[in-house]
Amino acid sequence: TLRERRQNKFGKVWEQSKVTTRLVVSYFNRIWQHSRFKTTAAQRANLADRCWSWHDIAIYPTII
């Protein structure tokens, strides 16, 4: 029915939203460099020794 289709679509949209949010947070913490500090948030927190690239994000093992 139409109601079930909406619920299934909403579930898929929610899953996509979670993935997108994780990518944005990963970008901000590991790739984006602050203009004043010239380091990433992960580097300043001593969680990374260098600025990551999108390739590093893509191959990093994670559970979604």
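Visitor: Does Asn-46 count as buried or exposed, and at what relative accessibility?
Guide: This is a predicted model, and Asn-46 lies in the loop between H2 and helix H3 (54-59). Exposed means over 50% relative accessible area. Asn-46 therefore counts as exposed, at a relative accessibility of 72%.

Visitor: What is phi of Asn-46 near?
Guide: Asn-46 is a residue other than glycine, yet its phi is positive. The value of phi for Asn-46 is near 60 degrees.

Visitor: Which residue in the loop between H1 and H2 has a positive phi although it is not a glycine?
Guide: The residue lies in the loop between H1 and H2, and its phi is about 60 degrees. At 58% relative accessibility, it counts as exposed, because the cut-off for that class is over 50%. The residue is Lys-38.

Visitor: What distance separates the C-alpha atoms of Asp-49 and Thr-39?
Guide: Asp-49 is placed in the loop between H2 and H3, and with 71% relative accessibility Asp-49 counts as exposed. Along the chain, Asp-49 and Thr-39 are 10 residues apart. Their C-alpha atoms are separated by 9.8 Å.

Visitor: In what order do the elements of the protein run from the N terminus on?
Guide: The protein has 3 helices and 0 strands. Read from the N terminus on, the order of the elements is α-α-α.

Visitor: What percentage of the residues in the protein is buried?
Guide: The protein has 64 residues. A residue is buried if its relative accessible area is under 20%; one of the residues that meet this cut-off is Trp-52, at 15%. The buried share of the protein is 16%.

Visitor: What share of the contacts in the protein with a separation of 6 or more comes from residues 24 or more positions apart?
Guide: The contacts considered here are those with a separation of 6 or more. Within that set, residues 24 or more positions apart account for 24%.

Visitor: Is the aromatic pair of Phe-28 and Trp-32 stacked or edge-to-face?
Guide: The whole structure holds 3 aromatic pairs. In the pair of Phe-28 and Trp-32, the centres are 5.3 Å apart and the planes make an angle of 15 degrees. Planes under 30 degrees apart count as stacked and those over 60 as edge-to-face, so the pair of Phe-28 and Trp-32 is stacked.

Visitor: How does the aromatic pair of Trp-52 and Tyr-60 count, and at what angle between the planes?
Guide: Trp-52 counts as buried at 15% relative accessibility, whereas Tyr-60, at 48%, counts as partly exposed. Their ring centres lie 5.3 Å apart. Because the angle is neither under 30 degrees nor over 60, the pair counts as tilted, at 50 degrees.

Visitor: Which residue has its charged end over the ring of Trp-52?
Guide: The ring of Trp-52 also pairs with that of Tyr-60. The charged end that sits over the ring of Trp-52 is 4.5 Å from the ring centre. This charged end belongs to Arg-30.

Visitor: Which helix gives the most residues to the lining of the largest pocket?
Guide: The largest pocket holds about 330 Å³ of space and is lined by 16 residues, including Arg-22 and Tyr-60 among those nearest its centre. The lining divides into 11 nonpolar, 3 polar and 2 charged residues. Helix H1 (2-31) and helix H2 (41-44) each supply at least two of the lining residues. The helix that gives the most, with 7 residues, is H1.

Conventions: Residues numbered from 1 in each chain as written. Predicted model: local features only at pLDDT ≥ 70, side-chain atom pairs only at ≥ 80, totals over all residues. Heavy atoms only, no water. 1 Å grid on protein atoms, 1.4 Å probe; cavity = no way out; pocket = protein on both sides within 12 Å on 5 of 7 lines; lining within 4 Å. Points joined across faces, edges and corners; volume = space filled by probe spheres on them. Helix = DSSP H or I, 4+ residues; strand = E, 2+ residues; numbered from the N terminus. Nonpolar A, V, L, I, M, F, W, Y, C, P; charged D, E, K, R; others polar. Phe/Tyr/Trp six-rings, centres within 6.5 Å; stacked < 30°, edge-to-face > 60°. Buried < 20%, exposed > 50% of the residue type's maximum accessible area, 1.4 Å probe, protein only. Lys NZ or Arg CZ within 6 Å of the ring centre and 35° of its normal. Contact = heavy atoms within 4.5 Å.
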